[in-house]
Every structure is written in structure tokens, then in C-alpha cells.
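Please work through the exercises below with the sequence and the model open side by side. Each task is followed by a solution that goes step by step.

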Amino acid sequence: MARTWDDVATRLVAERGDALTRYAYLLTGNVDDAADLVQDALVRTFGTPRFHLELPRAEAYVRRAILNAVIDRSRRDGTWRRVRHLAVAPASTEAESTGTDERLDLMRRIRALAPRQAACIVLRYYEDLTVDQVAATLGLSSGAVKRYLSDALRALSSSIRASDAALLRQAPTRTEGDHVA
Amino acid sequence: MSPDPTDSPDPAEPIDPRVPPDAAVPSDARSLAEALADEADAADAAGRRPVDLEAVLRGSRALRRRRRRAVVGVTASVAGLLVVGALALGVGSLGERTATTAGSTAADGPAESEAELGDDAASGQQEAVAPQDGAQFGDDALVVGPDAVNRCGERIASATDAADGPLTAAIVAPTGPVASGSDAVVRVRIVNEGPTVVEGSLRSAPSVTVSDDGTTVWHPAALDAGLVPVRLAPGGQLELEGAFTAEACTAADEQDGALAADLPALSPGAYELSAAIGFVGATGSSPVLIVSPTVPVTIG
């Protein structure tokens, strides 16, 4: 039996609400921002007349809406994003010594990626979706998803190498107790 | 050349051979997956704010209601532009009838819509309890999508009878042959044949089917098209674009609304085109599927 929008929304929230919130959190790193994003994305998705709005498709729409919101925020915060890695890398390398810190550092690097790259990483490696499934979820081509994933992994790798180099350069200075500008 | 790490769906496979082993870098996809899972778990442990379902339902209903109202002015203008644009391009051959209708649509539509918008704006109503969907758009989710009809190898759906509803659809036939195996675009004209204004939402992309003597030989995959709001005065019309591919399919090529990839090109010859498009009335009327009569097309 076909379902009305409200029924689909109710089921989506009940069955996938937590998963959507985790997805938003992994992209934003803030539980309140994540909750707001999911809430807004659900309203946008179900506030737009669509045909065939069944559960899997509705979930994909919501994930796209979340990503679009993250992209919008990223554009608004563009200046900070462009320089954020300069501030984050030294601080994180100094602070990290445990597995938890490494995880936090990795998450910071993932969130410093372009939003689409980060979304592809989360869907591919957290949700365990195939490339084709990621493409279908985000409304991208499989080729584009492969490119985003490849670029993201390369960026993560470069980011680590850069911070390692910075750590080596900073080591004598830090020993002397000076701060790096 | 390095293998593309994204080709493999196996999460245990190394994510990128270019990434050197490093204590801070996940050496394989499993490490990356574990880091993400740990992060999500940490957020769970810290406490997440659950989704407020009531707020979602209330907000989405209100948004749909606003869209429907906003539609009125915008759509009338767009409809007028579409028709006028079609005339300017010399598309179609309706002659004086089209010209008269276009003038009517472009001139009358906005005036009507402004009045209604003004009325809505003046009322300034902000209901505490959002109305149910049925009263707003009809049960949109119950609409059978155009891609659900005209399956490969089956007889095509019959054209909508103007007596059954105010809206009819007609394809502007291609003027020349379409190359076998290629994509092509046709214009689909929606006309209000009734005596009263028709208001509602149309699917933005009509489904165009290729048939051979009444049997479907190609249809589009399930379209992820949204709805465009429409308001058509009596005799008013608008045109949308629909695409088709000159390929041949059979029932075996049906894959849950989509078609198998790499279909063979359609053999050159004479075929027909027809279009189907969903319409949802704004007054709570039942959703309908508008099907056009066939027009000839030459594949060559």
C-alpha cells in the first residue's frame, strides 16, 4: 500500500533518524549542529512535492540536503576553511599521543576536506556503501565519487605528511619553549 | 599506474597505496572505518538530540503550503514565457490557436495569481496545527509515476480523453528522423481544455515512450523529477521538454523501474512517441496521469 508523505517521514525518523544524525555529526563534529542539520534537511525534503517518495529515496534526499547545508556553511566560512589547516596541524601534533587523539586528529582532517569529499569518505568507510551506492545517495556519478574519494585520501595523506614535516621543523624550537607564529 | 583504491568495495582493502604507513594515518580502510565508528560512538555517548518528528511534520507541511501559494504567481509567469518562447522559436504548428492562448496565458495569469497571493498575504494566517497532506496536494505519494506504465514489451497506455479531465498532453512531433541509438528531445504541450482555471503541480519532466505499433520498445527509467507548480486558465497551455533514446528494450531489460545498460540501438524504421506526465490538483482532487496520443517518429 502506498504511503503518504507523513507516513514516510515518520518511518524515516524512527528507523533512520539516528543514522542520519550520526552522518551529520561526522561531517560537522558538533552534536547540536548535526541535530539542526538533520531537522532542517527533513523539513526541506518533505516540504518539496515529489513523486515516489519512498523510504530509501527519502533517506537519500535527506543526506543530500544535509550535505548541501554543510556545503553552504563551508562557503560562508570559506576564509576560515582556507586557513584552518594552518592552525589545526601544529596544535594537534603537539597534543596527540594516544589512540583517541589520533582519532580526533583524523576526524579534524576529514572535516577539513571539501564537504563532498568528506561525505564520500563517511558514506564509503562508515556506512560501508559501495562507490555506486554512494553515487546514488549523493546524486553524483560513480566517476565523480571515485574522484572525490581519491582526492580525499590523497589530501589526508598530504595533510599527515605536512604535519609530520612541521613537527620535525618545530622540534628544536619547541624544546626551547618558543611558540610558532 | 597505481590502481584506483575506490574501485574496490572491500573495506578491508588498502585505501590508497600512495599513503605511506604512519602511526597517525589509517593504513587500511578498516582503520578509517574504525576511526569513524569510534567518533560516532563517542558522539552517542555524549548524548545526541533526537529528531523532533512533530516539528518535522509541522515544518514540512507549512513549507508545502507556502510553495503551493508561491507557485501561483511564478508558474503563471513561467507558463506564459514557455508558450511565448515556443512561439518565438517556431516550435509546433498550432498557428492562431496557440497565439491566442499564449496571449491569454501571459496576460491573464499574473493578474489572477497576484490577486490570490495578495489574499493569502493579507490573511497572514499561521496555523498552529498544520493541515493534513490530502487537503493540500492530494495524496501525492499515491500517484503512480509515469515510468510505472509503458513497460518494455507491453501495450502502451491509452491517451487521456479530454472528457475525463481538463488537462491533455500532446507531443510536438520531431521534424526529422532521429538517429538510431541516439538521444533526442521533444516538446510536450499541456493544455487546459476545461472551462475553469486548473491549478496544481505537474511533474517537471514528462516520460516519453517509444513504441512500435502500440507496443513499448523503450521507456525512460524512473525519473527523479520534482514537481512544477502550474496554473492554467481555460485554454491555457505550457510546454515541457521530454527526452527519449532510440534504443530497443524487452521485458527482460526491466530492472525495477530502470532499464538494463547497453541496450541495442533501435532498428531504423517508423515508430511512435507518446508522453505521460503526472498531475496533482491543488484542490484535493485525485492525482492523475495524463497520457498523450502517439505521434509518428522516424528512426534512421
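The exercises that follow treat helices, a nonpolar core and a sheet in turn. This is a predicted model, in which local features need pLDDT of at least 70 and side-chain atom pairs count only at pLDDT 80 or more, while totals for chains, interfaces and linings use all residues. Residues are numbered from 1 along each chain as its sequence is written, and chains are lettered from A and ligands numbered from 1 in the order in which they are written.

**Exercise 1. Determine which elements make up chain A and what share of its residues is buried.**

Begin with the elements, where helices (H or I, at least four residues) and strands (E, at least two) are DSSP runs numbered from the N terminus. Chain A has eight helices and zero strands. Next, call a residue buried if 20 or more other C-beta atoms, placed from the backbone, lie within 10 Å of its own. By this rule, 41% of the 181 residues in chain A are buried.

**Exercise 2. Describe how helices H6 and H7 of chain A pack, and state how H6(A) is covered.**

Two packed helices are described by the angle between their axes and the distance between the axes. Here the axes are lines fitted to C-alpha atoms over the stretch in contact, and angles run from 0 to 180 degrees between N-to-C directions. The axes of H6(A), residues 115-125, and H7(A), residues 131-138, come within 10 Å and cross at roughly 130°. That makes H6(A) oblique to H7(A), since angles under 35 degrees count as roughly parallel, over 145 as roughly antiparallel, 65 to 115 as roughly perpendicular and the rest as oblique. On the side of H6(A), the contact (C-beta atoms within 7 Å) is made by Ala119(A), Cys120(A), Leu123(A) and Arg124(A), and on the side of H7(A) by Val134(A), Thr137(A) and Leu138(A). As for cover, 11 of the 11 residues of H6(A) are buried, including Arg116(A), Gln117(A) and Tyr125(A).

**Exercise 3. Find the largest nonpolar core and the helix that gives the most to this core.**

A nonpolar core is a set of buried Ala, Val, Leu, Ile, Met, Phe, Trp, Tyr and Cys residues joined through C-beta atoms within 7 Å. The largest one has 56 residues, and among those with the most contacts inside it are Ala9(A), Val38(A), Ile66(A) and Cys120(A). Helix H1(A), residues 5-28, gives the most to this core, with 11 residues. A second, separate core of 39 residues includes Ala170(B), Leu227(B), Val288(B) and Val291(B). Returning to Cys120(A), and leaving aside its neighbours within four places in sequence, one finds contacts with Val134(A), Val145(A), Tyr148(A), Leu149(A) and Ala152(A).

**Exercise 4. Work out the strand order of the three-stranded sheet in chain B, and which strands stand at its edges.**

Two strands pair if DSSP finds at least two bridges between them. Six bridges join E1(B) to E2(B), residues 183-192, and nine join E2(B) to E7(B). The order in this open sheet is therefore E1-E2-E7, with antiparallel pairing. E1(B), residues 167-172, and E7(B), residues 237-245, stand at the edges with a single partner strand each, so one side of each is left without a neighbour in the sheet. The twist averages 30° from one strand to the next. To check the register, note that Val172(B) stands opposite Arg187(B), Thr168(B) opposite Val191(B), and Arg189(B) opposite Glu239(B). Seven of the 10 residues of E2(B) are buried, so E2(B) is largely enclosed by the rest of the structure.

Technical notes: A residue is buried if 20 or more other C-beta atoms lie within 10 Å of its own, exposed if 12 or fewer, and partly exposed in between; C-beta atoms are placed from the backbone. Two residues are in contact if their C-beta atoms, placed from the backbone, lie within 7 Å.
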